[in-house]
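Subject: Handing over a structure, with notes

Dear colleague,

I am passing this structure on to you, and below it you will find my notes, arranged by topic.

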Amino acid sequence: MKVFITRSLPGNIEKLLRKNGHTVVTFKKEYPISKTELIKNARNADALISLLTDKIDSEIIDNLKSCKIIANYATGYNNIDINYAKQKNIIVTNTPDILTNATAEIALTLALACSRRVIEGHEFVKKKKFRGWAPKLLLGIEMTGKTIGIIGAGRIGYAVAKRFKGFDTNIIYYNRSKKNKFETEFGAKKVSLKKLMTDSDIISIQIPLTKESYHLIDKNHLSVLKPNAILINIARGEVVDEKYLIQLLKKGKIHSAGFDVYENEPNIDPELLKLPNVVLLPHIGSATVEARTKMAQLCAENVLRVLKGKSAKTPV
Ligand code: DGY
């Protein structure tokens, strides 16, 4: 059977798929595949391995004439019209768990880079401005003892909270349901989103993008942030009203923000690029050799199982 992969992935899954008798076609370019190319290549594929940059809408799904599975190379699957895929009897899978540690580590990386002004320091040294130790040079904010607001207390939220807890912080969280693990392990309290935004020193966002979470962090929520607050987004850009956040950062109304994701990815708001109080990463939350290799492996496993008529390991 034919498996179409929309980009070359780390590891060696092509070999694995071929060993199992399948024909593998991979879009090898270093940029996201266009809709036309995707349709052309996936039309007669039995399985499609897609990326979060591939918008698998109803038009694409209508063109998948023999596809049994769309294995998304990500935990998030907001790029796929899953209801439509279901109507067409196509199984959709994602890659949960295996990127949890990598993603949690990037939240901490962003938080520390913001609080300790790491990028400013790096630029300062590179521009040969360092004239020696100085009492007031690049003073940051200590993480120890601060209140950390976790938005989305799922697997990644838990891993993020656990790491922050290592800095002797107080954890509060916002989640639809109460999470006993958060309460017993971290002594964390479930609070309203408004309270979380009001009380936290550092906020980390890791909720999936859905119709309900689009611009969940809006003007009303952003405007109550503390003057020294640090906002970290490792989820999806669309969860935050980015334009309003930029205004806050521009006016120095909060300390800083760490972005791994953006509202119009990969287009970055030019205003954001000019700000000194931001840390900007190119959506690399899961970008470790370990996570990305396991993600590819899991996509292949799901494909192999479904093409054999078995149930998928991680259906969404
Ligand atoms: C995901 O898996 O959804 C992440 O955003 C990938 O980095």
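Which residues are buried in α5? Before the answer, please keep in mind that this is a predicted model. The buried residues in α5 are Thr100, Ala102, Thr103, Ala104, Ile106, Ala107, Leu108, Leu110, Ala111, Ala113, Cys114 and Ser115. The helix is thus mostly covered, with 12 of its 16 residues buried. Helix α5 runs over residues 100-115 and spans 23 Å from its first C-alpha to its last, which is close to the 22 Å expected at 1.5 Å a residue. Just after α5 comes arginine 117, with a positive phi of about 50 degrees.

The ligand

The ligand is surrounded by Leu52, Ala74, Thr75, Gly76, Leu99, Arg236, His283, Ser286 and Arg292. By kind, this shell consists of 3 nonpolar, 4 polar and 2 charged residues. Contacts to oxygen atoms of the ligand are made by several of these side chains: a polar side-chain atom of arginine 236 is 2.7 Å from a ligand oxygen, an N or O atom in the side chain of histidine 283 is 2.7 Å from a ligand oxygen, and a polar side-chain atom of serine 286 is 2.9 Å from one. The ligand would expose 230 Å² if taken alone, and the protein buries 91% of that area.

Histidine 283 deserves a second look, since the backbone there has a positive phi of about 45 degrees although the residue is not a glycine. Histidine 283 sits in the loop between β12 (278-280) and α13 (289-307), and with a relative accessibility of 19% it counts as buried, because the cut-off for that class is under 20%.

Other points along the backbone

Leucine 138 is another residue other than glycine with a positive phi, here near 45 degrees. Leucine 138 is placed in the loop between α6 (118-126) and β6 (147-151), where its relative accessible area of 25% makes it partly exposed. A cis peptide bond, with omega of about 0 degrees, joins glutamate 265 to proline 266, and proline 266 belongs to the loop between β11 (256-259) and α12 (270-274).

Cysteines

How many disulfides does the structure hold? The number is 0. A disulfide is a covalent bond between the sulfur atoms of two cysteines. In the case of cysteine 67, the closest cysteine sulfur is that of cysteine 299, and because the separation is 13 Å, the two are too far apart for a bond. Cysteine 67 is itself buried, with a relative accessible area of 8%, and cysteine 114, which is one of the buried residues of α5, has a relative accessibility of 4%.

Residues separated in sequence

I also noted several pairs by their C-alpha distances, and I give the surroundings of one member of each pair.

- Leucine 298 lies in helix α13 and counts as buried at 7% relative accessibility; leucine 298 and isoleucine 98 are 200 residues apart in sequence, while their C-alpha atoms are 9.0 Å apart in space.
- Alanine 45, in the loop between α2 (35-42) and β3 (47-50), is buried with a relative accessible area of 1%; from alanine 45 to isoleucine 69 the separation is 24 residues in sequence and 9.6 Å in space, C-alpha to C-alpha.
- Serine 177 is in the loop between β7 (170-174) and α8 (180-186) and is partly exposed, at 37% relative accessibility; the C-alpha atoms of serine 177 and glycine 152 are separated by 9.8 Å, with the two residues 25 apart along the chain.
- Glutamate 212 is in the loop between β9 (202-205) and α10 (219-222) and is exposed, with a relative accessible area of 64%; glutamate 212 and valine 239 are 27 residues apart in sequence and 9.2 Å apart from C-alpha to C-alpha.

To start your own reading, you might go first to histidine 283, whose side chain has an N or O atom 2.7 Å from an oxygen atom of the ligand and whose phi is positive, at about 45 degrees.

With best wishes

Methods:
Residues numbered from 1 in each chain as written. Predicted model: local features only at pLDDT ≥ 70, side-chain atom pairs only at ≥ 80, totals over all residues. Heavy atoms only, no water. Near = heavy atom within 4 Å. Polar contact = N/O pair within 3.5 Å; in protein donor to acceptor, adjacent residues only side chain to side chain. Areas by Shrake-Rupley, 256 points an atom, 1.4 Å probe, with all protein chains shown as cover. Nonpolar A, V, L, I, M, F, W, Y, C, P; charged D, E, K, R; others polar. Helix = DSSP H or I, 4+ residues; strand = E, 2+ residues; numbered from the N terminus. Expected span 1.5 Å × (residues − 1). Buried < 20%, exposed > 50% of the residue type's maximum accessible area, 1.4 Å probe, protein only. Disulfide = S-S within 2.5 Å.
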